[in-house]
Amino acid sequence: MILAPINRDGTVSGFAGPVSDVGKSAILSTVRLYSRVGWTIPWIGYLAIEQDVCVGTCAFTSAPKGGVVEIAYFTFPGYERTGVATRMAAFLVSLAKERAPEIVVTAHTLPEENVSTQVLRKLGFVFSGPKYDEQDGPIWVWRYQGQIVQPNHSSDPAFSSGTPRAGHETRHH
């Protein structure tokens, strides 16, 4: 999987291939998010690319606030249940912990058992409780407490500039 950064202007670094309508919509939503919360590397959005095909998107919902950062991910139709969500979420957790080891990583889901709750549990998130979100209504909050074995990004030249370089391949197992 390659995670290509979505830039402030909606361009995507390191990926010139076709983007589906779902992908274009995700990019537009990410740019709108940036206009509300700012664009701060590495706390941005990424397109997930596998075999030159855009298969999903993942992001930090903003730069960390009060020692907490929230992750979000979406697997595009046709690529569900192939591990894409797990790989995207693992990347975001790994990047967050690499940049700020003390940070609390959270995720929000619908208030029901679903594929996303399975992904989060697999990665070491625990249910933190229900919450009412102004935008999304009732949600469940998850908090990362696991240990994911990840590559050391600080020694990886793809991460030397503070964000994955375009075309950086993640190696999550």
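## Helix 2

Helix 2 is mostly covered, with 12 of its 16 residues buried, in what is a predicted model. The buried positions are Val-84, Ala-85 and Thr-86, then the run from Met-88 through Ala-89, Ala-90, Phe-91, Leu-92, Val-93, Ser-94 and Leu-95 to Ala-96.

The length of this helix, which covers residues 84-99, can be checked against its geometry: at 1.5 Å a residue its 16 residues should span 22 Å, and the end C-alpha atoms lie 23 Å apart, which agrees.

## Overall architecture

The secondary structure of the protein chain comprises 3 helices and 7 strands, and from the N terminus on these elements follow the order β-α-β-β-β-α-β-α-β-β. Of the 173 residues in the protein chain, 47% are buried, while the chain exposes about 8900 Å², of which carbon and sulfur atoms supply 52%. Among contacts with a separation of 6 or more, 57% are between residues 24 or more positions apart.

## Aromatic pairs

Searching the whole structure yields 8 aromatic pairs. One of them joins Trp-43 and Phe-60, whose ring centres are 4.8 Å apart and whose planes meet at 75°, so this pair is edge-to-face, given that angles over 60 degrees count as such. The pair links distant parts of the chain, since Trp-43 lies in the loop between helix 1 (21-37) and strand 2 (45-50) and Phe-60 in strand 3 (residues 53-60), 17 residues apart.

Both partners are buried: Trp-43 has a relative accessible area of 10%, and Phe-60 has one of 1%. Elsewhere, ring pairs link Phe-127, Trp-140 and Trp-142 into a cluster.

Terms used. Residues numbered from 1 in each chain as written. Predicted model: local features only at pLDDT ≥ 70, side-chain atom pairs only at ≥ 80, totals over all residues. Heavy atoms only, no water. Phe/Tyr/Trp six-rings, centres within 6.5 Å; stacked < 30°, edge-to-face > 60°. Helix = DSSP H or I, 4+ residues; strand = E, 2+ residues; numbered from the N terminus. Buried < 20%, exposed > 50% of the residue type's maximum accessible area, 1.4 Å probe, protein only. Expected span 1.5 Å × (residues − 1). Contact = heavy atoms within 4.5 Å. Areas by Shrake-Rupley, 256 points an atom, 1.4 Å probe, with all protein chains shown as cover.
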